[in-house]
Amino acid sequence: MADNYSITLDIKRYDPDTKKTWFQSYKLDAGRILRFVDLFRRINNEQDPSLAWGSSCEHGQCGSCAVRVNGKPLLACELLVENAVKDFGTTKFRVEPISIAPVVRDLVVDLEKAYEKVHRAKPYLIKRAPLPPQSSYYQLSPKEIERYEDATRCINCFSCADACISSHKNFIGPNAAMASIVRLMDPREEEKEERLKLLYSEEGIYRCHSSKACSFVCPKEIDVAHFIALAKEGAFRGDNGE
Amino acid sequence: MNATCNKNRLEASILSGLAKIPFVSGYARTYGWNYVLSWCHRITGIILVLYLWFHLYTLSSLHTPEVYNWKMGIMFMPVIVFFAWLSSIPVIFHALNGGRLILYESFGSRNDESMIRWTLYLCFIYVVILGILIFMENQTVSAVFFWLVMIVASLAAACGVAARVWKSRHTIFWKLQRITGAFLLIAIPAHLLFSHLNPSIAMEADLVIARMQNWFIKIVDVLLALSTLYHAGYGLFSIAEDYIKLRISRVVISGVIVIVSVIFLVVALKIVFTI
Ligand code: SF4
Ligand code: FES
């Protein structure tokens with residue numbers, strides 16, 4: 001395994017003032033454990049301060065650094081140079097913004113717009129079940145949590161929405177659908193009907209065709225398609241004539 | 001032990017073979033094989049819709065037997081027969097992959113890898129069997145006997161799926177898509193099989209007409225026409241709903257799909273009841 005790689009990044013640029021889009025090539029010598037966000041930062045420092053990109057936590061926890069590398073949506077803060085070379089079998093990478101929302105500049109997309117769908121899915125308990133008598137908290141059994149624990153790891157990076165075969169034109173999106181499904185599975189949620197209405201609407205599960213690209217690309221390794229399939233199967237109270 | 005080794009070697013060679021297909025393998029590496037299969041499902045679906053319309057158009061010339069016989073003269077040219085055999089690949093793939101999706105979505109079968117493998121194995125077996133039958137030519141199988149068996153099997157599959165999805169909250173259209181899908185999963189490969197078991201019966205208008213006058217065959221034909229046209233129409237509608245942003249455009253396209261489907265249904269029913 002090499003210690004250094006000569007990397008070429010072809011980055012899709014967008015200038016909102018001129019509305020021009022183009023690919024710009026940057027060549028760098030990079031150590032094997034540098035991450036793609038480190039490469040972007042180095043480009044800023046050494047070659048081109050005008051390149052815009054997004055990141056926040058840089059620890060795979062906020063989802064703000066999602067980009068497409070050679071077509072695959074992923075977290076730039078998690079992608080090491082050596083893994084990229086190994087996985088893609090090349091040292092030349094095409095880097096583009098994810099397609100789920102309008103581009104603000106270069107690799108930065110309007111996450112507010114993307115989050116509108118998540119907000120519509122209400123990723124919180126709409127109506128809490130009353131607390132058990134003489135208790136100040138809810139107690140969930142490990143078995144109950146196990147059913148949906150995986151889905152709670154979602155960081156809303158929108159990689160799944162970007163990869164989805166159904167496009168994100170009319171689909172609320174895999175992550176937003178899953179956000180609602182998690183609360184349907186949560187015994188503390190009493191407002192099932194509103195959630196089911198959204199899931200069984202034309203922008204809900206009818207737009208999912210089980211292509212499973214969501215599960216394939218999810219950086220948190222969540223089997224997103226499984227949760228959506230649970231909804232299709234009628235696995236929750238109220239969606240199977242109960 | 002040896003059998004397992006051989007099986008694994010066979011599977012590895014199939015997978016590495018698939019991984020060499022340019023373009024497709026790139027998508028598989030980026031989005032997974034399920035994604036590639038889903039695109040194949042969509043593309044074969046569209047091919048089959050076009051083929052269905054063409055097939056009904058060809059059959060409509062049964063009203064003028066000379067025209068039909070002339071068309072069949074072309075259809076049974078060896079090179080066309082070869083393409084007919086190749087065309088069984090999208091048919092069986094769409095059928096079996098659809099079955100896999102129904103199992104995944106409605107029956108909780110999440111063992112994808114083995115389901116994908118079985119889909120591909122069964123496709124291969126079917127295409128080979130069909131090839132052998134084409135090569136062996138006329139087997140003179142009774143149409144009523146063949147269809148009695150196949151329709152019972154198709155209806156059983158449809159009822160199994162109906163029992164599972166009927167009470168769910170899904171729209172009636174979604175449910176019917178799955179139910180017709182299960183029916184066609186057996187009925188369409190059977191339809192193809194039958195035409196290659198008895199090519200001489202399909203070749204001459206008089207023989208086709210004689211077969212179609214049997215009341216049981218009429219029921220089979222009506223079931224086939226209704227289910228294929230519904231399934232095709234909903235499939236197209238679903239694709240339009242996925243990719244067309246503007247609501248008004250989606251409504252117009254849905255309207256066009258309904259009108260075209262009804263026109264072809266009238267054509268199909270006219271063939272069945274006026275022949
Ligand atoms: S499900 Fe996975 S890919 Fe989708 S938004 Fe959440 S973390 Fe990202
Ligand atoms: S910067 Fe937070 S996930 Fe990458």
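A patch here is a set of residues with over 30% relative accessible area and no salt bridge, with nonpolar side chains joined when they lie within 5 Å. Keep that in mind for the first stop, and remember throughout that you're looking at a predicted model.

**Stop 1: the greasy face of chain B**

Select W118(B), L122(B), F124(B), I125(B), V128(B), I129(B), I132(B) and M136(B), and show them as a surface. Together they make a nonpolar patch of about 780 Å². Now pick out W118(B) on its own: this residue sits in helix α6 of chain B, which covers residues 112-136. Is W118(B) buried or exposed? With a relative accessible area of 51%, W118(B) is exposed, because the exposed class begins over 50%.

**Stop 2: where the chains meet**

Colour by chain and turn to the contact between A and B. Chain A brings 39 residues to the contact, and chain B brings 31. About 3000 Å² is buried between the two chains, and carbon and sulfur atoms give 47% of that area.

How many residue pairs are in polar contact between chain A and chain B? Counting pairs with both residues at pLDDT 80 or more, there are 23. To see which parts of chain A are involved, highlight β4 (72-75), α7 (192-199), α8 (213-217) and α9 (224-233); these are the elements that give two or more residues to the side of chain A touching chain B. Of that side, α9(A) gives the most, with seven residues.

**Stop 3: salt bridges across the contact**

Five salt bridges run between chain A and chain B. Side chains of opposite charge can pair when their charged atoms come close.

Start with R169(B) and E193(A), whose side chains meet in a salt bridge at 2.6 Å, N to O. This pair crosses between chains: R169(B) is in the loop between α7 (143-165) and α8 (172-197) of chain B, while E193(A) is in helix α7 of chain A. Watch the labels here, since each chain has an α7 of its own. R169(B) is partly exposed at 27% relative accessible area, and E193(A) is partly exposed too, at 37%.

Next, centre on R207(A). Its partner across the contact is D242(B), and the closest N and O atoms of this salt bridge are 2.4 Å apart. Keep R207(A) selected and look within chain A: R207(A) also forms a salt bridge with E202(A), where the closest N and O atoms are 2.8 Å apart. Which class does R207(A) fall in, buried or exposed? R207(A) is buried, because its relative accessible area is 2%, whereas E202(A) is partly exposed at 34%.

While you're on chain A, select R35(A), D38(A), R41(A) and E58(A). Salt bridges that share partners join these four into one network.

**Stop 4: a long-range pair in chain A**

Over all chains, the structure holds 29 salt bridges. One to visit is K92(A) with D10(A), the closest N and O atoms being 3.2 Å apart. Show the strands around the pair: K92(A) is in β5 (residues 92-97) and D10(A) is in β1 (residues 4-15), so this salt bridge links parts of chain A that are 82 residues apart. The two ends differ in cover: K92(A) is partly exposed, with a relative accessible area of 47%, while D10(A) is buried at 16%.

**Stop 5: positive phi in two loops**

Where in chain A is Q134(A)? Go to the loop between α3 (111-120) and α4 (142-148). Phi of Q134(A) is near 55°, a positive value in a residue other than glycine. Q134(A) is exposed, with a relative accessible area of 86%.

Then move to N156(A), in the loop between α4 and α5 (159-163) of chain A. Phi of N156(A) is also positive, near 55°. Here, though, the residue is covered: at 15% relative accessibility, N156(A) counts as buried, because that value is under 20%.

**Stop 6: one last distance**

Finish on E146(A), in helix α4 of chain A. At 60% relative accessibility, E146(A) counts as exposed. Draw a distance from the C-alpha atom of E146(A) to that of G234(A): the viewer should give 19 Å, for residues 88 apart along the chain.

Note on methods: Residues are numbered from 1 along each chain as its sequence is written. Chains are lettered from A and ligands numbered from 1 in the order in which they are written. This is a predicted model: local features need pLDDT of at least 70, side-chain atom pairs count only at pLDDT 80 or more; totals for chains, interfaces and linings use all residues. Side-chain values use heavy atoms; hydrogens and water are left out. Patches are made of residues with over 30% relative accessible area and no salt bridge: like charges are joined within 9 Å, nonpolar side chains (Val, Leu, Ile, Met, Phe, Trp, Tyr) within 5 Å. Accessible areas come from the Shrake-Rupley method with a 1.4 Å probe; for residues, only the protein chains shown count as cover. Helices (H or I, at least four residues) and strands (E, at least two) are DSSP runs, numbered from the N terminus. Buried means under 20% relative accessible area, exposed over 50%, partly exposed in between (1.4 Å probe, protein chains only). Contact means heavy atoms within 4.5 Å. Buried area is the accessible area (1.4 Å probe) that two parts lose on being put together, summed over both. A polar contact is a pair of N or O atoms within 3.5 Å; within protein, one must be able to donate a hydrogen and the other to accept it, and residues adjacent in sequence count only if both atoms are side-chain atoms.
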